[in-house]
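Student: I am new to this structure and would like to learn how its helices pack. Could you walk me through it?

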Amino acid sequence: GARDGGSTVRLLALGRAPCDLSQGPNFRRIPCAAIRVANIQNEIALMEMLERLPSVAQFAPIVQMLMRRSDEQTLPPLLPPGVASRASTAASNHLAQLAVDRDLNPEQKSVLSDCSSWLSSSTVVGFAPRRSSDASESVCAAQLVHGAFGAGKSHTLAAAVTMLARALDDAKDDTTRILVAGATNSAVDTVLRGLQRAGYTGFVRVGSMRRIHTDILPHAVHSATGGDEKATAADAIKEIQTALREARS
């Protein structure tokens with residue numbers, strides 16, 4: 001169906017309708033079914049905005065791949081050879097342990113295995129499949145994980161981040177960073193709470209104090225423009241006090 005406006009939804013019968021659904025005394029007794037689908041209007045608007053740009057050269061290479069501007073583009077290795085070797089070995093060990101501790105199914109373990117290959121590959125390509133049986137030659141630059149609500153997507157992401165972060169720590173890499181981004185504060189906090197449950201707490205959370213889950217507040221960093229540290233701290237305190245008042249009401 002299509003939304004006409006407000007809360008009204010227009011239904012289009014996929015088969016022969018028993019009668020005119022808009023008339024007749026038995027209208028309210030006719031069973032109808034509708035499927036509510038996700039509203040991706042914001043995503044479409046963002047894609048259209050990027051498409052209108054004259055060039056995406058100023059963006060990170062992964063953005064060009066996501067926009068399908070450069071399927072064949074390659075990225076440099078993420079880590080120096082010596083660090084990559086140590087990180088890859090550590091990732092394999094952590095993957096095996098996380099598979100048991102976090103009760104990962106075969107599909108989830110496959111995602112983590114592909115993510116671990118980023119650490120050891122000499123070349124990372126776009127969305128094309130591996131060009132060689134040797135994973136060190138080239139791997140896919142992105143992983144697309146999809147599933148129904150509650151299927152374990154956030155659980156998988158938390159496990160993958162934990163594996164990569166611990167592998168980098170074991171390899172003594174203090175320059176590489178992992179960014180977790182989401183469409184909502186709740187989505188980000190769900191992943192970070194998964195890191196906590198896995199025993200990994202070496203992260204910081206940036207955002208409004210009022211919109212961060214209480215379990216994550218000890219890791220929160222309040223940011224503001226202007227560079228005034230006192231004003232930033234005062235704003236953070238006000239947000240926490242407001243959140244406490246709302247929780248009591």
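Student: Is the crossing of α3 and α5 left-handed or right-handed?

Tutor: Happy to help, and please keep in mind that this is a predicted model. Helix α5 covers residues 153–170, and its axis lies 8 Å from that of α3. The crossing of these two, α3 and α5, is right-handed.

Student: Which residues of α5 make the contact with α3?

Tutor: Let's take the α3 side of this contact before the other: Ala87, Ala90, Ala91, His94, Leu95 and Leu98 belong to α3. By kind, the residues of the α3 and α5 contact are eight nonpolar, two polar and two charged. On the α5 side, the residues are Ala159, Thr162, Met163, Arg166, Ala167 and Asp170.

Student: How are α3 and α4 oriented to each other, roughly parallel or roughly antiparallel?

Tutor: Helix α3 spans residues 81–101 and helix α4 spans residues 106–120. Their axes come within 8 Å and cross at roughly 170 degrees. Angles over 145 degrees count as roughly antiparallel. That is why α3 and α4 are roughly antiparallel.

Student: How many residues in the contact of α3 with α4 are charged?

Tutor: From α3, the contact uses Ala84, Ala87, Ser88, Ala91, Leu95, Leu98 and Ala99. From α4 come Lys109, Leu112, Ser113, Ser116, Leu119 and Ser120. Sorted by kind, eight are nonpolar and four are polar, and the number charged is one.

Conventions:
Residues are numbered from 1 along each chain as its sequence is written. This is a predicted model: local features need pLDDT of at least 70, side-chain atom pairs count only at pLDDT 80 or more; totals for chains, interfaces and linings use all residues. Side-chain values use heavy atoms; hydrogens and water are left out. Axes are lines fitted to C-alpha atoms, for helices over the stretch in contact, and angles run from 0 to 180 degrees between N-to-C directions. Helices (H or I, at least four residues) and strands (E, at least two) are DSSP runs, numbered from the N terminus. Angles under 35 degrees count as roughly parallel, over 145 as roughly antiparallel, 65 to 115 as roughly perpendicular and the rest as oblique. Contact means heavy atoms within 4.5 Å. Ala, Val, Leu, Ile, Met, Phe, Trp, Tyr, Cys and Pro count as nonpolar, Asp, Glu, Lys and Arg as charged, and the others, Gly among them, as polar. A crossing is left-handed if the near helix is turned anticlockwise from the far one by less than a right angle, and right-handed if clockwise.
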